Amino acid sequence: MRYLRLFTWWMLFLGCFGAFAQEHQLQVQYDSLQQTLEVRHQLKWVNRSNTPMHQLVLLDWNHAYSNNQTPLAQRLTEEFDRSFYLSKRSKFGATEIHQLQMNGQDLNWSRPEDHPDILILELPTPLLAGDTQTFEFRYTLKLPASKFTGYGYKPDGSLSLKYWHLMPAPQEQGEWKKYSHLHLDDYGGVKNRYTIAFSGTEKYEVLSNLNTTNSSQYTGEAAAAFFDFVRESDFQEYTVAGEKTVITDFDSRQRSKISRHASILRITDYFEKVLGIAIPSKLWVQKAIYNRYPFYGLNQLPEIVSPFSDEFHFEVRFLKAFAFAIAEHQLMGVDRRKNYGLFHGLQIYWILKYMEAHHPDQKFIGRLAEWKILKPYEISRLPFNGGFWFLNTLTQTANLQQADRSPADVLTRFNARISVPYHMGLGWFYLDHYLGGNRLVKQLIPLYTQGDLDRFQSYLEASEQKSFDWLFTHYFGDRFSYDIRLEVEEIMPDSIQLKVSEKSGLKLPYRLDWVQKNGQIQGQWMESQTMEKSLVIPRSDAPYLSVNAQELWPDQIQKNHWRKNRKFQLKPLRLTFLKDLQSPKANQVFFNPSVELNAYDGFALGMQFYNKAIRQPNFEFNVSPQYSSIEKKLVGSFRAEQRIRKENSSNFLTLLSVFGSQYHYDQHLKYSILAPSLSFFFRPKDLRSNYRERLSFAYYQVHRELAPNTSLESPNYQIFNIGYQQSNRAAVNFMSRRIDMDFSKDMGKLYASWDYRKLFPSGRQLSLRLFGGLFLYHNRLDIPFYDFNLNRPTDYLFRYAYLGRSETSGLLGQQFIPAEGSFKSIIEDSSANDFLISTNLAVGLWRWVEAYVDLGLIRNRKTRTQAFYGTGIRLNLLPDYLELYLPVASNNGIEDFNNQYFSNIRVLFTLDPKTLSGLFTRSWF
């Protein structure tokens with residue numbers, strides 16, 4: 001009876017949300033030539049708050065496309081998508097307001113300066129709590145090009161509408177939420193009833209999530225009404241659960257319709273019969289949604305080389321988009337910006353449940369797991385559901401995770417698309433296994449309607465008679481990663497004494513498992529009260545004892561979960577070719593071929609040995625012995641790093657490292673370097689910000705071989721370096737500044753640089769760099785080795801990627817390093833042993849063609865200050881990665897454009913894979 005009363009109370013509470021908060025009647029005239037919609041809009045709105053309303057706030061998300069300074073434009077450029085920022089104005093969209101009335105009376109309205117896609121209407125009389133009012137609007141929508149977000153007009157003449165008409169903003173406790181369009185698919189937050197009539201669409205086939213009453217009128221209930229106007233539809237209808245219809249464009253031109261229908265029936269039956277979620281009478285499942293929220297990893301491979309069968313490949317992709325469509329229907333009244341993690345996390349939970357029921361043996365890499373060459377690898381044993389755990393922990397090991405209950409607008413792209421949905425979905429999945437017997441499935445149904453996690457926690461705790469604060473407050477509410485540790489204290493003939501703990505002291509229920517060699521698992525759930533306490537359990541004949549053996553919980557360090565069923569606990573060493581997942585049962589060392597290239601070693605070929613698995617460990621080493629193809633000698637490098645990650649501090653990372661290398665700096669002349677260092681990295685609380693700071697201390701010990709019968713300038717030396725750097729590497733405004741001090745027995749110097757880049761909407765870019773360097777003391781004025789230089793720094797700390805560091809002519813001598821003076825023209829006698837000041841300016845002319853100017857002042861002791869200049873053309877093919885500089889004039893005079901001119905061209909390029917990878921990851925983190 002207690003549970004019945006509790007459930008009845010809950011449903012009565014939810015009943016107040018069942019009525020429609022607003023009804024829309026729209027008459028829309030489409031002009032396909034001008035790409036505009038003339039809209040007459042009647043809105044019936046109910047004040048559902050408990051306070052009188054003096055304003056009506058409307059979302060006008062079509063106006064988010066009105067210029068490249070809107071929150072939407074800024075959001076896209078933050079993720080290095082510059083298509084909207086650089087687009088022609090003709091591709092933009094906008095809303096022209098003609099009339100906003102209440103009871104025939106014109107209303108005063110305004111747009112907030114920081115929210116141009118919001119309309120604030122001043123009401124002549126307050127609208128009391130519970131009152132209903134009808135508004136009349138008339139406006140013209142100039143539609144944007146679809147290339148920005150997928151919505152708008154398309155090059156083939158078709159049209160896609162979503163988040164297009166005026167919509168009342170959501171409310172919370174009587175306060176309006178002024179949500180700007182941020183391409184987060186979170187429009188609305190209340191149930192809507194629609195009646196929409198279109199004209200001007202006769203030559204199109206119109207697809208909509210609303211019901212068609214005649215050829216041009218559409219009615220229905222939805223969080224948002226979407227329409228696709230197409231010449232030829234790829235959508236096909238499938239009958240499910242009696243008279244219900246699923247409409248989808250997944251693989252409509254591939255494979256047989258029968259096999260697709262079987263997969264769709266299997267999915268819809270599971271949702272209705274097992275998850276208890278009623279399929280609406282008409283459900284649209286769009287491939288475009290899957291393309292936006294795919295299975296990452298699976299979507300990176302072309303279908304022709306997919307490691308999965310055609311049937312599974314279709315089913316799992318359809319399942320992902322289907323879960324999204326069901327969530328839109330089930331969570332229709334949920335504020336999806338505030339509850340982003342809930343909306344997307346429940347989808348992952350449904351998928352995890354479905355895959356566990358229908359594809360329990362499916363592997364993350366599909367048929368590749370059966371390849372004999374991959375059998376020894378841990379990734380071949382990773383189940384498909386384990387992919388969610390694996391991808392989620394990538395952010396935790398990098399200390400980039402965000403709390404599941406964070407609003408969508410503060411999440412980074414990786415957290416929004418992958419980490420938060422996967423982490424929250426795994427949390428529900430963990431709770432599901434802990435409760436057992438599909439009890440969670442039944443308990444969750446009320447949550448779908450109301451979407452309040454705090455209220456649901458109270459309901460669940462009352463129902464289950466236990467606390468779930470560990471889940472709702474800590475797991476969902478904190479950004480901290482978890483590390484459960486299993487320790488074996490004593491092993492006895494028939495029992496084993498152990499302790500389970502968590503690094504932050506969090507107490508949560510956990511599962512103890514005995515694991516056989518063949519992977520069979522037997523175990524039991526333990527309550528949270530047993531954490532940090534010694535336990536004695538019966539001993540088994542299984543070789544391993546584990547916590548979280550099924551990877552239900554996204555834990556940071558998996559190796560801590562496993563212990564052998566014997567007193568000797570040292571794990572074996574395993575050598576693995578190429579990088580793999582870290583094995584919890586062994587200490588792995590990975591190896592693969594390595595190659596370095598420079599003018600004096602040629603191709604330095606060898607092997608590198610390292611412990612960095614696909615997920616980065618806290619302690620990392622890399623040893624790379626190589627053989628110089630030119631010098632016929634052993635060369636190479638090594639690095640060891642200890643990372644200290646702080647999840648609740650602006651000093652998010654402290655790095656202790658030691659680096660050493662040995663290569664040749666000239667023909668037959670070898671150098672060796674050993675450099676221990678300590679670095680502190682800082683960032684703001686807003687992880688979407690690109691602002692970073694770094695403070696570093698390093699001690700360089702350099703030994704250089706001396707050529708026979710020559711005297712080498714400063715052959716061996718030790719230098720202490722202190723460096724401080726600030727950077728904000730955004731797509732439109734790039735800034736970086738750095739201050740360094742070098743000290744040795746021979747000299748002490750202070751130098752600083754400041755780089756700034758501004759990308760204008762026209763596509764032109766302004767680049768400005770300032771550099772200043774000053775010697776504090778200089779005891780070796782007789783040599784230029786430590787001097788500043790206008791056009792080719794000495795690089796006595798071996799920090800720059802010179803291919804021919806001793807070359808002064810030829811192609812390798814033309815390599816440009818943007819350091820110190822950064823002059824592109826080769827200036828003779830360009831070193832300075834007192835001070836150097838320079839500025840480098842580049843201005844865009846056309847696309848990636850820029851004009852540059854270099855200005856510099858240098859002074860040597862006991863001489864006068866000298867001024868230098870250089871001008872030319874910069875071909876900015878890939879900023880910071882591939883650039884060409886074509887000098888035109890300098891102190892040397894006007895360049896002679898003859899056959900010898902090519903020797904004056906300077907080239908900036910990088911071959912470092914780690915540097916190049918930043919091109920592809922910068923938009924995600």
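This report walks through some salt bridges in a predicted model.

## The overall tally

Let's start with the count: the model holds 37 salt bridges. A few of them are worth a look one by one.

## A pair from two loops

Take Asp335 and Lys177, whose side chains form a salt bridge with an N to O distance of 2.5 Å. Asp335 sits in the loop between helix 5 (310–330) and helix 6 (340–358), while Lys177 sits in the loop between strand 13 (175–176) and strand 14 (192–199), so this pair ties together parts that are 158 residues apart in sequence. Both Asp335 and Lys177 are buried.

## A pair from two helices

Next up is Arg439, which makes a salt bridge with Glu464; their closest N and O atoms are 2.2 Å apart. Arg439 belongs to helix 9 (residues 439–450) and Glu464 to helix 10 (residues 453–464), so the link joins distant parts of the chain, 25 residues apart.

How buried or exposed are these two? Arg439 has 37% relative accessibility, so it counts as partly exposed. Glu464 comes in at 11%, under the 20% cut-off, and therefore counts as buried.

## A small network

Salt bridges can also share partners: here they join Arg75, Glu78, Glu79 and Arg688 into one network. Within this group, the side chains of Arg75 and Glu79 meet at 4.0 Å, N to O.

Where does that leave Arg75 and Glu79 in terms of burial? Arg75 has 5% relative accessibility and so counts as buried. Glu79, at 17%, counts as buried too, because buried means under 20%.

How values were computed:
Residues are numbered from 1 along each chain as its sequence is written. This is a predicted model: local features need pLDDT of at least 70, side-chain atom pairs count only at pLDDT 80 or more; totals for chains, interfaces and linings use all residues. Side-chain values use heavy atoms; hydrogens and water are left out. Buried means under 20% relative accessible area, exposed over 50%, partly exposed in between (1.4 Å probe, protein chains only). Helices (H or I, at least four residues) and strands (E, at least two) are DSSP runs, numbered from the N terminus.
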